[in-house]
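Colleague: I am new to this structure and should be grateful for a close look at its largest pocket. Which residues lie nearest the centre of that pocket, and which elements give residues to its lining?

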Amino acid sequence: MKKKVLSVALSAAMVASLAATMNVQAEEDLIVVGYAQVGAESDWRTANTESFKSTFTEENGYKLIFDDAQQKQENQIKAIRSFIQQDVDYIVVAPVVETGWETVLEEAKEAGIPVILSDRQMQVTDDSLYECWVGGNFIKEGEDAGNWLAKYLEDQGRGDEEINIVTIQGTIGASAQVGRTEGVGNIVKEHENWKMLDMQSGEFTQAKGQEVMESFLKSYDDIDVVICENDNEAFGAIDAIKAAGKTCGPDGDIIVISFDAVKAAFESMIAGDLNATFECNPLHGPRVAEIIQKLEAGEEVEKIQYVDESYFDTSMDLEAIMAERAY
């Protein structure tokens with residue numbers, strides 16, 4: 001009887017040991033990706049995070065180590081060094097700002113870990129420190145917004161009017177802020193009757209966007225257009241405009257333009273508060289996975305990879321478009 005019990009116990013131990021070995025083997029077969037995300041400052045960022053989490057799953061052959069930097073560069077640098085210590089296979093970074101990365105990227109290179117940039121770019125003297133960058137063409141987004149405004153004003157019979165503009169910028173130094181500010185500025189220069197009254201950072205958040213717009217409204221009596229460098233800033237600006245007793249949108253006092261094209265921006269356009277939003281596609285996960293598979297196969301990848309983007313305004317069937325979108 002004791003021999004039978006011992007035999008059963010040994011069998012159970014062998015099964016447990018075999019299962020553990022299989023789990024370790026399965027774990028070893030996964031591609032480990034460390035993702036240093038900016039934070040969760042906007043609806044766009046939430047959609048971007050979800051794109052990575054739904055793509056880099058064990059079912060798809062990956063193990064994702066995710067880190068939220070809470071919009072602080074020092075947290076991202078700490079996360080990257082942690083990824084290096086954990087000997088991940090790939091590091092993905094959505095950098096808070098463009099500068100200050102060379103030292104930690106050199107550490108990743110010395111460790112033999114490829115780095116892929118997502119959304120925002122980095123300024124480095126040696127671009128071999130990262131494999132490639134995936135994101136939106138921010139300068140083009142800004143230029144598209146400026147050209148849209150020119151046509152919109154022309155269609156409204158206001159093409160020759162003096163147009164006073166304010167800009168709520170994103171986090172200063174972030175690629176999206178730099179590119180969108182430059183792109184809009186390129187088009188403003190083409191119109192002598194357009195005047196950029198002021199630009200201040202709203203840090204890509206709704207609360208700060210509202211605060212900056214409140215300041216603009218107190219400083220300037222005649223604002224025709226507010227350009228918000230993401231949707232969440234626009235939502236805050238709209239709240240400030242309404243609180244000041246003014247109106248906005250297609251039938252209002254102030255034209256409101258934003259970037260990202262998240263679901264809430266469609267709802268704001270349908271409500272008649274927002275005039276137009278210029279897409280910054282957040283669904284980078286599948287493109288980054290495709291890049292990793294190419295690198296795994298020993299293939300070369302293009303250094304700059306733009307995602308497909310469009311724009312949307314109140315002249316479109318927004319409800320139908322929104323029903324087909326993933327974010």
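**The largest pocket and its lining**

Modeller: In this predicted model, the largest pocket has 13 lining residues, and those nearest its centre are Gln121, Phe138, Ile139, Ser175 and Gly179. Three elements each give two or more residues to this lining: helix H5 (138-155), helix H6 and strand S11 (304-306). Among these, H6 gives the most, with four residues. The volume of the largest pocket is about 170 Å³. Sorted by class, its lining comprises six nonpolar, five polar and two charged residues.

The largest cavity may be described alongside the pocket. The count of cavities of 30 Å³ or more comes to one, and the largest cavity holds about 90 Å³ of space. Helix H2 (43-55) and helix H6 (175-188) are the elements that give two or more residues to the lining of this cavity. H6 therefore appears in both descriptions, since an element here is a DSSP run and this helix is named for the cavity as well as for the pocket.

The residues that line the largest cavity include Trp44 and Arg45, together with Ala176 and Arg180. Also in that lining are Glu41, Ser42, Asp119, Arg120, Phe204, Asn230, Asp260 and Cys280. By class, the cavity lining has six charged, four nonpolar and two polar residues, whereas the lining of the largest pocket has two charged residues beside its six nonpolar and five polar ones.

Definitions and conventions:
Residues numbered from 1 in each chain as written. Predicted model: local features only at pLDDT ≥ 70, side-chain atom pairs only at ≥ 80, totals over all residues. Heavy atoms only, no water. 1 Å grid on protein atoms, 1.4 Å probe; cavity = no way out; pocket = protein on both sides within 12 Å on 5 of 7 lines; lining within 4 Å. Points joined across faces, edges and corners; volume = space filled by probe spheres on them. Nonpolar A, V, L, I, M, F, W, Y, C, P; charged D, E, K, R; others polar.
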